[in-house]
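Thanks for coming. I have one structure to go through today, and I will keep to what can be computed from it.

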Amino acid sequence: MKVFAKKLIAVLALVPGLAFAAEGGYPLDRAPERNDLASLQNGAKIFVNYCLNCHSASAMRYNRLRDLGLSEEQIKNNLLFSADKVGAMMTTAMRPDDAKAWFGAVPPDLSVIARAKSSPAGSGADYLYTYLRTFYKDDSRPTGWNNMVVPNVAMPHAMWQQQGIRAAKFSDQPDPHEAGKTVHAFAGFEQVEPGTMSQQDFDTATADLVAYLSWMAEPAQHTRKRLGVVVLIFLSIFSFLAWRLNESYWKQVK
């Protein structure tokens, strides 16, 4: 029995590693929790300025940003660049044919990307947070950029001016699966040119963008969670009253 328990623990310990391997071998960083209105507003600003040029969010209307504490006037003056009306969908002006010719693929719609990228390796927010922070310069790629989470990615680094230019360092390391062989493994990033932001500020901005993408995937999620708490409290009170009423009724019957 003890031998079986030890084997079971060993198998369970390997599960996280198997999950990471399914994501291409690069571990995902946990995305910071940034759900306050200021962070979401900043994330919306970053999304409109850096993502909406190529990607659409066709399931989201600009006027839904009022849920983040923005007025229609603020939306119109600061965030409405590719549409005429605040009630319009968040679509890009880029034509699919042009996008395919420039990048080799049509950029995906980002309406529910934060939910679509959820996996055993981590949440969709973890995936996006790691992906957006692991671009590096690669002159062998058509766009000049590559990514650790998505090798040979077609997307260029949209926020390279903020993060700066980084190179990826690789080294030959022993193959953990076969003795005597080596593998070309990632050994870290090297900052080639500084960006307009420090690494900490860039991580914060990326976290705000990811928080907005997560909110956009389900704008009613916070309302749903609040209602869930209210419903559970109501059911608890109702169950207690029903139990007391039932006890009182059967006491008189007996």
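I will go from the overall model to the core, the pocket and then a few single residues.

To begin with, this is a predicted model. The protein chain has an average pLDDT of 85, and 89% of the residues score at least 70. The weak part is residues 1-23, where the pLDDT is below 50. That stretch does have eleven contacts in the model beyond near neighbours in sequence. Where pLDDT is low, the predicted coordinates should not be read in detail. I will leave those contacts alone.

In secondary structure, the chain contains nine helices and six strands. It has 254 residues, of which 34% count as buried. If we take contacts with a separation of 6 or more, residues 24 or more positions apart account for 62% of them.

Now the core. Which residues of the largest nonpolar core touch the most other members? They are F47, L65, M90, Y212 and M216, out of 52 residues in that core. Several elements give two or more residues to this core: helix 2, helix 5, helix 6 and helix 8, together with strand 1, strand 3 and strand 5. Helix 8 gives the most, with eleven residues.

Y212 is worth a look in the viewer. Setting aside residues up to four places away in sequence, Y212 touches L40, G43, A44, F47, M60, L65, L68 and M90. Three of the other names from the core list, F47, L65 and M90, appear there again.

Next, the pocket. The largest one has a volume of about 660 Å³. It is lined by 29 residues, and the closest to its centre are H55, P107, P108, Y131 and M155. Helix 2, helix 6 and helix 8 are the elements that give two or more residues to the lining. Helix 6 gives the most, with four residues. What is the make-up of the lining in terms of nonpolar, polar and charged residues? The division is 24 nonpolar, four polar and one charged. Anyone setting up a calculation on this pocket can take that as the starting description.

That brings me to helix 6, which spans residues 124-132. Nine of its nine residues are buried, so helix 6 is largely enclosed by the rest of the structure. The buried residues include D126 and T130 as well as Y127, Y129 and Y131. What do the buried residues of helix 6 pack against? The partners are helix 5, strand 3, strand 4 and helix 8.

Just past that helix is R133, in the loop between helix 6 and strand 3. R133 counts as buried, because its relative accessibility is 14% and the cut-off is under 20%. Leaving out residues up to four places away, R133 touches D29, Q163, R166, F202, D203 and T206. R133 and T206 are 73 residues apart along the chain, yet their C-alpha atoms are separated by 7.6 Å.

A207 is in helix 8. A207 is buried, with a relative accessible area of 2%. Beyond neighbours within four places in sequence, A207 is in contact with P32, R34 and Y129, and Y129 is one of the buried residues of helix 6. The separation between A207 and R34 is 173 residues in sequence and 6.9 Å in space, C-alpha to C-alpha.

On to strand 4, which holds W145. W145 is buried, with a relative accessible area of 6%. The contacts of W145, again without residues up to four places away, are F135, Y136, K137, D138, V153, P156, H157, W160, G164 and I165. From W145 to M155 is ten residues in sequence and 7.8 Å in space, C-alpha to C-alpha. M155 is one of the residues closest to the centre of the largest pocket.

Last, a backbone point. Most residues other than glycine have a negative phi, and most peptide bonds are trans. N152 is not a glycine, but it has a positive phi of about 60 degrees. N152 lies in the loop between strand 4 and helix 7. Is N152 buried, partly exposed or exposed? At 49% relative accessibility, N152 counts as partly exposed.

That is the end of my list, and I can take questions.

Technical notes:
Residues numbered from 1 in each chain as written. Predicted model: local features only at pLDDT ≥ 70, side-chain atom pairs only at ≥ 80, totals over all residues. Heavy atoms only, no water. 1 Å grid on protein atoms, 1.4 Å probe; cavity = no way out; pocket = protein on both sides within 12 Å on 5 of 7 lines; lining within 4 Å. Points joined across faces, edges and corners; volume = space filled by probe spheres on them. Nonpolar A, V, L, I, M, F, W, Y, C, P; charged D, E, K, R; others polar. Core = buried A, V, L, I, M, F, W, Y, C linked by side-chain atoms within 4.5 Å. Buried < 20%, exposed > 50% of the residue type's maximum accessible area, 1.4 Å probe, protein only. Contact = heavy atoms within 4.5 Å. pLDDT = per-residue confidence, 0-100.
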